[in-house]
Amino acid sequence: MHTDGACRGNPGPGGWGVSLQYNGHNKTLKGSEPETTNNRMELMAVINGLNQLTRPCDVELYTDSKYVLDGITKWMADWKKRGWKTAAKKPVKNVELWRQLDDATQRHNINWHWVKGHSGDAGNELADQLANDAIDEIQQAATD
């Protein structure tokens with residue numbers, strides 16, 4: 001699974017994209033919001049990708065978002081222990097999405113991978129294109 005989020009302006013119109021590959025099959029997903037942030041779109045990509053899986057799976061998940069990767073692998077356990085507060089005792093930003101991601105990860109065995117964005121990784125490039133296509137579609141719909 002490759003995921004990516006994009007935003008034109010931060011905040012601004014945003015999109016997310018997912019490329020799923022399994023046993024020679026490919027599926028793509030995308031979505032958008034008219035006013036959002038890049039970090040929210042990165043989270044939405046992963047949440048929507050994982051929620052497409054209809055049974056527990058072993059997942060190799062690739063993201064170019066250090067925010068998502070560090071959040072899920074380094075920060076979330078402590079946030080949960082502190083009642084979804086940061087080390088500075090402030091509320092975790094995007095907490096509702098982090099909770100959704102926490103739920104979405106529970107039934108899967110996930111190996112998290114970071115890839116550098118816009119570096120030629122085919123899966124990341126496809127997810128990025130899907131995210132940007134979703135933004136184009138929402139912006140076009142707004143002008144129709």
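**Exercise 1. Strand pairing**

Which residue in strand 5 is the bridge partner of Tyr62? Work out how strand 4 is paired in this predicted model.

*Solution.*
Step 1. In strand 5, Tyr62 has His113 as its bridge partner.
Step 2. That bridge belongs to a pairing of strand 4 with strand 5, which is parallel and has six bridges.
Step 3. Strand 4 also pairs with strand 1; these two run parallel and are joined by two bridges.
Step 4. On that side, Thr3 stands opposite Thr63 of strand 4.

**Exercise 2. The two faces of strand 4**

Sort the side chains of strand 4 (58-63) by the face to which they point, and say which are buried.

*Solution.*
Step 1. In a regular strand, side chains alternate between the two faces of the sheet.
Step 2. Strand 4 shows this alternation: Val59, Leu61 and Thr63 point to one face, and Asp58, Glu60 and Tyr62 to the other.
Step 3. Val59, Leu61 and Thr63 are buried, whereas Asp58, Glu60 and Tyr62 are not.

**Exercise 3. The overall fold**

Describe the order of helices and strands, then decide how compact the chain is.

*Solution.*
Step 1. The protein has four helices and five strands.
Step 2. Along the sequence they come in the pattern β-β-β-α-β-α-α-β-α.
Step 3. The radius of gyration is 15 Å, close to the 15 Å given by the globule rule for 144 residues, so the protein is as compact as a globular protein of that length.
Step 4. The C-alpha trace spans about 45 × 40 × 30 Å along its principal axes.
Step 5. Of the 144 residues, 46% count as buried.
Step 6. Take the contacts with a separation of 6 or more: 65% of them are between residues 24 or more positions apart.

**Exercise 4. The nonpolar core**

Which residues of the largest nonpolar core touch the most other members, and which elements contribute to this core?

*Solution.*
Step 1. The core has 30 residues, and Leu50, Trp98, Leu101 and Trp112 touch the most other members.
Step 2. Two or more residues each come from strand 2, helix 1 (38-51), strand 4, helix 2 (66-81), helix 3 (95-105) and strand 5.
Step 3. Helix 1 gives the most, with seven residues.
Step 4. Take Trp112 and leave aside its neighbours within four places in sequence: Trp112 is in contact with Val46, Leu61, Val68, Leu69, Ile72, Thr73, Leu101 and Thr105.

**Exercise 5. The buried side of helix 3**

Find out why the buried residues of helix 3 line one face of the helix, and what they pack against.

*Solution.*
Step 1. The buried residues in helix 3 are Leu97, Trp98, Leu101, Asp102, Ala104 and Thr105.
Step 2. Viewed down the axis of helix 3, these buried residues fall within an arc of 165°, so they line one face.
Step 3. An α-helix has 3.6 residues a turn, so residues three or four places apart point the same way.
Step 4. The buried residues of helix 3 pack against helix 1, helix 2 and strand 5.

**Exercise 6. Ser19 and Gln21**

Compare the burial and the contacts of Ser19 and Gln21, two residues of strand 2.

*Solution.*
Step 1. Ser19 counts as buried because its relative accessibility is 4%, under the 20% limit.
Step 2. Gln21 has a relative accessible area of 38%, so it is partly exposed.
Step 3. A polar contact of 2.4 Å joins the two side chains.
Step 4. Not counting residues up to four places away in sequence, Ser19 touches Met1, His2, Lys27, Gly123 and Leu126.
Step 5. With neighbours within four places left aside, Gln21 is in contact with Met1, His2 and Asn26.
Step 6. Gln21 and Met1 are 20 residues apart along the chain, and their C-alpha atoms are separated by 6.3 Å.

**Exercise 7. Backbone features in the loops**

Locate a cis peptide bond and two residues with positive phi that are not glycine.

*Solution.*
Step 1. Most residues other than glycine have a negative phi, and most peptide bonds are trans.
Step 2. A cis peptide bond, with omega about 15°, joins Asn10 and Pro11. Pro11 lies in the loop between strand 1 (2-7) and strand 2 (12-22).
Step 3. Asn23 has a positive phi of about 50°. Asn23 lies in the loop between strand 2 and strand 3 (25-36) and, at 64% relative accessibility, counts as exposed.
Step 4. His118 has a positive phi near 55°. His118 lies in the loop between strand 5 (109-114) and helix 4 (122-143), and is exposed with a relative accessible area of 59%.

Definitions and conventions
Residues are numbered from 1 along each chain as its sequence is written. This is a predicted model: local features need pLDDT of at least 70, side-chain atom pairs count only at pLDDT 80 or more; totals for chains, interfaces and linings use all residues. Side-chain values use heavy atoms; hydrogens and water are left out. Buried means under 20% relative accessible area, exposed over 50%, partly exposed in between (1.4 Å probe, protein chains only). A nonpolar core is a set of buried Ala, Val, Leu, Ile, Met, Phe, Trp, Tyr and Cys residues joined through side-chain atoms within 4.5 Å. Contact means heavy atoms within 4.5 Å. The arc is that of the directions from the helix axis to the C-beta atoms. Two strands pair if DSSP finds at least two bridges between them. A polar contact is a pair of N or O atoms within 3.5 Å; within protein, one must be able to donate a hydrogen and the other to accept it, and residues adjacent in sequence count only if both atoms are side-chain atoms. The radius of gyration is taken over C-alpha atoms; the globule rule is 2.2 Å times the number of residues to the power 0.38.
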